[in-house]
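Colleague: I am new to reading structures, and I would love a close look at one place where two helices pack together. Could you walk me through it slowly?

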Amino acid sequence: MSGPGALLAVLALAGVAIAVPWLTPDRLRSPLSGGASALLGLGGVAAGVAAMGGAGGVLTLPLVVPATAGLDPVTLAPTPLGGVFLVVAGGVGALAAFFGIGYAHGPAASRTAWSAYAAFLLGMLLVPAAADVLSFLLAWELMAVASTVLVLADHAVRPTVRSATLWYAVMTHLSFLLLLAGFAVLAAGAGGTAFERIAAAQASGPAASVAFVLLVLGFGTKAGLVPLHVWLPRAHPEAPSHVSAAMSAAMVKMGVYGILLTLGLLAPGPQWWGFGLLVLGCASALYGVLQAAVNSDLKRLLAYSTSENVGLIVTALGVGVLLGDAGQRRVAEVAIVAALLLVVSHAAFKTALFLGAGSILHVTGERDLDRLGGLVHTHPFTAISFGLGAMGATALPITSGFVAEWVLLQALVHGDGRADRLIAVTLPLAMGVVALTVGLGLLTFVKAWAIAFLARPRSERAANPDHAQGSHDHSITMIAGLVVSGALVVALGFAAGPLSVELARAAGVGGVERVGLLGVAFPAVGVLLEPAALTLLALAIAVPFAAYNAVLRVRRPRRDTELPWGCGGVRTSPRMEYTATSYAEPLVRIFGASLDPTRQLTVEHPEGNPLLVSRVTFSQRLVDVIEQRAYLPVKRAVLRLGDAARLVQNGSIHRYLAFSFVALLLVLAVVSL
Amino acid sequence: MSHDLAAQLIALTTGLLLLTAVQQLWLRSVLGSVALLVVQGAALAGLVATIAVAEQEWEALAMAVVILALKAGFLPWALARTATLTRVHDGLDPGARPASGLLLAVLLTTVAYVVSQPLIGPNPTDAARAVPVGIALVLLGFLILLTRHIAVSQLVGFLVLDNGIAATGFLVSGGLPLTTEIGVLFDVLLVVLILRVLTVRMVRLTGGTSLPELRELRD
């Protein structure tokens, strides 16, 4: 399909997907609306593929815009780089919509919610397609408003939804304001709003730095970079899971796209730009993974893990910028490819994880890991898909996450710090941060997967899923969504070569070669990865063990034994196993200072006997330290300001009249001067 | 009408306008300031009639009649009736402070003279020369509105303010188009009638319309 055709098709499909929920009867609403949204997503993928091939096309929208000087027409013209994000947003949106057909129920399956989902998807598709500031900001706002409506879906059931939505709305509009200011600086300098014109102006100097800071902060808010991440751990758990998947896997990527766009619009800047990105990325990665490791709310954990992964992406971008400035273009290109690989892989595995979490929530009504367990027996599809997603998140071979982090480490290892002291110090530190992040990530997802699926069920609902109150059977679309997203995590890892080459071409960088059918090589740094060979190696190690096991099983069939005298050898009860909280306890101990845990231990004694213990209760509350120390003081100050405003607004009509009177006198005085 | 006569009549009517406004600021009696409104409305009607005859705009003459009927007749009557209905206690407004009121009146009138210079221009007509009175009336009306506590006396302030606006309009431009003037008049009429109904109801509900007692904000 040619470029403008694909864009027009996306707009038409969006119109249909937004209208369908209002036109269909209740019974068919979810299948038809979800199907229409999924088609819209696939349309986005098609447009993205066309754009990546350089045939993005140009579509000028006939929007009525006040004819002001310096305002270029509203145009959609996806670049190859935008194409990558179109594919990501479209693919994730389609999968989540498909999953949502079976998953959404209650308010999440209402007309408003499905319509908002289609609008949200359209916003995400228009952002990377926008070719000027105005259309970009319009699409951005569409995305923000529609997602706010979606987060709000369950507000009648859970009161926490409202406060989460409030946080989200405030942060997302903060982001919009910062972007508006940043783009205004750029547009004023370039004399127009088209990205082409702004890029041609090659802004530099203090104005460029101001725009850079504003835009990176604005996009960082959307991307969930620490310390602007506070909306993520609130909004993601409260939104319906397919929406969380779309928000986490696709929407936060628009922040990353924005940072890439910013770098493309500005001339190479001072060294602190790259350094700033690197610091921001490393801080997000570390803080995100640390919070994820100690959280036992499954969706909150995934939200923090999003912060972590975006942190890694921005770290890769920072390394790319830093090395590019230092003249090491070839290594910088590896870092940029790593960033894009991270984007794609995070989109794949976070979709699988959030859909898996949604599936767990759907059948048990629980998202607290401390109350889950044993789901591998009852829900194998969910277990496998979530497991594959977890493997991707922990960068185990041979998933897409592994390929991406391997490339990132190559860039870090091969960066040459001999000429520049700053690079010499930061690259090894960044490497350490990445290593620590990956390690803690492993811990996080071992906890998440093993305790939810392998451990013994810790609650009635977990033990008897599907019978829990208000839960529903898995529909075929949910299983399909889970399987496809899980398979994608592995498939993208196997297709490391073709994927890397395509991403590098879209980003306009070289230095990547395909080796054989699937392998990838970076001649500039002299490294090579062959997924097929890696798999063969893994099989060569695993097959003998499996064979040995099989032989043993035949020779000595397993017998269940009940020990007459237990002495601790009896089969463990759920209370004797690790909980999510106890598994992460050593971490809380080590990082106590930055986690600030509040613990409460109550020991109850039977009456009249202080030596015996009848009951022990333990509870632990972890707070987001950044939220406590940075945001709440601001909130309190705003409230104080609001209280102070009562001096002005006290309900006395005399005072209001006095304001008008003074204003009148002032106007008269000004006029007469 | 001779030029001199017109000039003297304008001076007389605007003088009356200013005098009544200042007196209203000075008086504490609610009914007294309502009575002064009659004089003020008549003066305004006279001013409009004078300008109409002097500039031979006969439409404005009709306007003068309407103004006389409404501002010197109906509105003061409606206010007086409201005052009786609501049984304004002892007929005095606790917000009125004669001494400081007069002082402020002097100040505001001076301000009006100073700020109206640009409106008058270098070669003023007789009417334009009196523009400061109109503006002073606006400011004094505002001051009454601002300081009085009882609803009826606030309405008096509102009407003085409106008289000021009308006077300024006529003095500057010889009157606005008839439809606009009538529209404004009926707006004022509506405001007064609605507030009258509200005032009566408020008195029934709360036993008074003293504003300091009615200042709790509710969501």
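Modeller: Happy to! Let's start with a term we will need: a crossing is called left-handed if the near helix is turned anticlockwise from the far one by less than a right angle, and right-handed if it is turned clockwise. Please keep in mind that this is a predicted model.

Our pair is made of one helix from each of two chains. Helix 26 of chain A covers residues 653–672, and its partner, helix 7 of chain B, covers residues 131–147. Two packed helices are described by the angle between their axes and the distance between the axes. Here the angle is about 160°, and the axes lie 9 Å apart. Angles over 145 degrees count as roughly antiparallel, and therefore helix 26 of chain A and helix 7 of chain B are roughly antiparallel to each other. As for the handedness, helix 26 of chain A passes helix 7 of chain B in a left-handed crossing.

Now look at who meets whom. On the side of helix 26 of chain A, the contact is made by His654(A), Leu657(A), Ala658(A), Ser660(A), Phe661(A), Leu664(A), Leu665(A) and Leu668(A). Facing them from helix 7 of chain B are Ile135(B), Val138(B), Leu139(B), Phe142(B), Leu143(B), Leu145(B), Leu146(B) and Thr147(B). Sorted by character, the residues of this contact divide into 13 nonpolar, three polar and no charged.

It helps to know the chain that brings in the partner helix. Chain B has nine helices and zero strands, so its pattern along the sequence is α-α-α-α-α-α-α-α-α. Of its 219 residues, 49% count as buried. Among contacts in chain B between residues at least 6 apart in sequence, 75% join residues at least 24 apart.

For a view elsewhere in chain A, try Ser359(A), which sits in helix 13 (residues 329–364) of chain A. Ser359(A) has a relative accessible area of 1%; because buried means under 20%, Ser359(A) counts as buried. The side chain of Ser359(A) makes a polar contact with the side chain of Thr382(A), at 2.9 Å. Leaving aside neighbours within four places in sequence, the residues in contact with Ser359(A) are Phe99(A), Thr382(A), His474(A), Met478(A) and Leu482(A).

Technical notes: Residues are numbered from 1 along each chain as its sequence is written. Chains are lettered from A and ligands numbered from 1 in the order in which they are written. This is a predicted model: local features need pLDDT of at least 70, side-chain atom pairs count only at pLDDT 80 or more; totals for chains, interfaces and linings use all residues. Side-chain values use heavy atoms; hydrogens and water are left out. Axes are lines fitted to C-alpha atoms, for helices over the stretch in contact, and angles run from 0 to 180 degrees between N-to-C directions. Helices (H or I, at least four residues) and strands (E, at least two) are DSSP runs, numbered from the N terminus. Angles under 35 degrees count as roughly parallel, over 145 as roughly antiparallel, 65 to 115 as roughly perpendicular and the rest as oblique. Contact means heavy atoms within 4.5 Å. Ala, Val, Leu, Ile, Met, Phe, Trp, Tyr, Cys and Pro count as nonpolar, Asp, Glu, Lys and Arg as charged, and the others, Gly among them, as polar. Buried means under 20% relative accessible area, exposed over 50%, partly exposed in between (1.4 Å probe, protein chains only). A polar contact is a pair of N or O atoms within 3.5 Å; within protein, one must be able to donate a hydrogen and the other to accept it, and residues adjacent in sequence count only if both atoms are side-chain atoms.
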